[in-house]
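Me: I'm new to this one and would like to learn how to read it. Could you take me through it feature by feature?

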Amino acid sequence: MNACVLLVDPDGRLLLQLRDGNATFYPNVWGLPGGYGEAEETPQQTAERELWEETGLRADAPLRPLAVQSMPELNLEVHYFLGATRARQEDVVLGEGAAMVFVPGDEVLDGRPYTPGTVEVLTEFLASPEYAAVASRR
């Protein structure tokens with residue numbers, strides 16, 4: 001089980017991670033903060049832990065389940081969670097990867113390479129009422 005977080009700031013920007021060249025899987029491509037769960041963790045606990053470890057950030061309220069993506073070709077199930085934050089770029093502590101940046105919604109799908117399944121989730125999310133609601137909360 002893998003869990004990822006779509007973290008949105010007050011300007012509607014999404015936090016994206018550029019994986020570094022030493023990543024075991026999919027080096028030098030973009031993805032979302034997240035990772036593999038530990039044996040005793042729920043997907044939400046994994047998402048919260050990974051977000052903290054990779055960014056030094058926590059969402060302003062409990063993370064909300066957004067989607068589950070089955071990836072049989074990778075023998076993987078990915079749980080996606082939505083979180084809102086008042087944090088800004090300067091609050092991000094890079095704990096893993098080459099970069100961790102808030103990207104405006106209209107630039108997220110600008111052709112950058114992503115980990116498998118991420119483009120599909122981002123495409124659906126950016127067109128959703130959930131994104132509109134969280135992006136408009138100033």
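Me: What does UniProt place at residues 1-127?

Reply: The unreviewed UniProt entry gives the feature "domain: Nudix hydrolase" for that stretch, residues 1-127. Keep in mind that you're looking at a predicted model. Within residues 1-127, 17% is helix and 31% is strand, and the C-alpha atoms at the two ends lie 26 Å apart.

Me: Let's try strands, then. How do S5 and S6 pair, parallel or antiparallel?

Reply: Here's the general idea: side chains in a regular strand alternate between the two faces of the sheet. In this model, S5 and strand S6 (residues 76-84) pair in the antiparallel sense, with seven bridges. To find one of those spots, go to Ala67, whose bridge partner in S6 is Tyr80. The hairpin they form has four residues between the strands.

Me: Which residue in that hairpin takes a positive phi?

Reply: As background, most residues other than glycine have a negative phi. Asn75 is not a glycine, yet its phi is positive, about 50 degrees. You'll find Asn75 in the loop between S5 and S6. Asn75 counts as exposed because its relative accessibility is 73%, and the cut-off for exposed is over 50%. Asn28 also has a positive phi, near 60 degrees, and sits in the loop between S2 and strand S3 (30-31).

Me: Back to S5 for a moment. Is Gln69 buried or exposed?

Reply: Gln69 belongs to strand S5, residues 64-71. With 14% relative accessibility, Gln69 is buried, since buried means under 20%. Its side chain makes a polar contact of 2.8 Å with the side chain of Tyr80. Beyond its neighbours within four places in sequence, Gln69 is in contact with residues including Leu76, Val78, Pro116 and Glu120.

Me: And Gln17, what does its side chain reach?

Reply: A polar atom of the Gln17 side chain lies 3.0 Å from the backbone oxygen of Glu96. Gln17 is in strand S2 (residues 14-18) and is buried, with a relative accessible area of 3%. Leaving out residues up to four places away, Gln17 touches several others, among them Trp30, Glu54, Glu96 and Met100. As for Trp52, it is 35 residues from Gln17 along the chain, and their C-alpha atoms are separated by 13 Å.

Me: Now a loop residue. Where is Glu41 found?

Reply: Look in the loop between strand S4 (34-36) and helix H1 (43-55). Glu41 has a relative accessible area of 14%, so it is buried. Its side chain reaches the backbone nitrogen of Glu38 at 2.9 Å and makes a polar contact of 2.8 Å with the side chain of Thr46. Apart from residues up to four places away in sequence, Glu41 touches Met1, Thr46 and Arg49.

Me: What about Pro43, how much of its area is accessible?

Reply: Pro43, in helix H1, is partly exposed, with a relative accessible area of 23%. Among residues further than four places away in sequence, Pro43 is in contact with Met1, Ala3, His79 and Phe81. Val78 is 35 residues from Pro43 in sequence, and their C-alpha atoms are 8.7 Å apart.

Me: How do I read a nonpolar core, and how many residues has the largest one?

Reply: The general idea is that nonpolar side chains tend to be buried together in soluble globular proteins. In this model, the largest nonpolar core has 21 residues, and Leu6, Leu14, Val108 and Phe125 have the most contacts inside it. Strand S1 (2-8), S2, S6, helix H2 (118-126) and helix H3 (129-135) each give two or more residues to this core. Another core lies apart from it, with 14 residues, including Leu15, Leu51, Ala87 and Val92.

Me: Last one: how many aromatic pairs are there?

Reply: To describe a pair of aromatic rings, you give the distance of the centres and the angle of the planes. Here the count is one pair. The rings of Phe125 and Tyr131 have centres 5.3 Å apart and planes at 65 degrees, so the pair is edge-to-face. Phe125 and Tyr131 are both buried. Other contacts of Phe125 include Leu6, Leu14, Leu82 and Val134.

Terms used:
Residues are numbered from 1 along each chain as its sequence is written. This is a predicted model: local features need pLDDT of at least 70, side-chain atom pairs count only at pLDDT 80 or more; totals for chains, interfaces and linings use all residues. Side-chain values use heavy atoms; hydrogens and water are left out. Buried means under 20% relative accessible area, exposed over 50%, partly exposed in between (1.4 Å probe, protein chains only). A polar contact is a pair of N or O atoms within 3.5 Å; within protein, one must be able to donate a hydrogen and the other to accept it, and residues adjacent in sequence count only if both atoms are side-chain atoms. Contact means heavy atoms within 4.5 Å. Two strands pair if DSSP finds at least two bridges between them. UniProt positions are given in the numbering used here, feature names are shortened, and annotations may be inferred rather than shown by experiment. A nonpolar core is a set of buried Ala, Val, Leu, Ile, Met, Phe, Trp, Tyr and Cys residues joined through side-chain atoms within 4.5 Å. Rings of Phe, Tyr and Trp (its six-membered ring) pair if their centres lie within 6.5 Å; planes under 30 degrees apart count as stacked, over 60 as edge-to-face and the rest as tilted.
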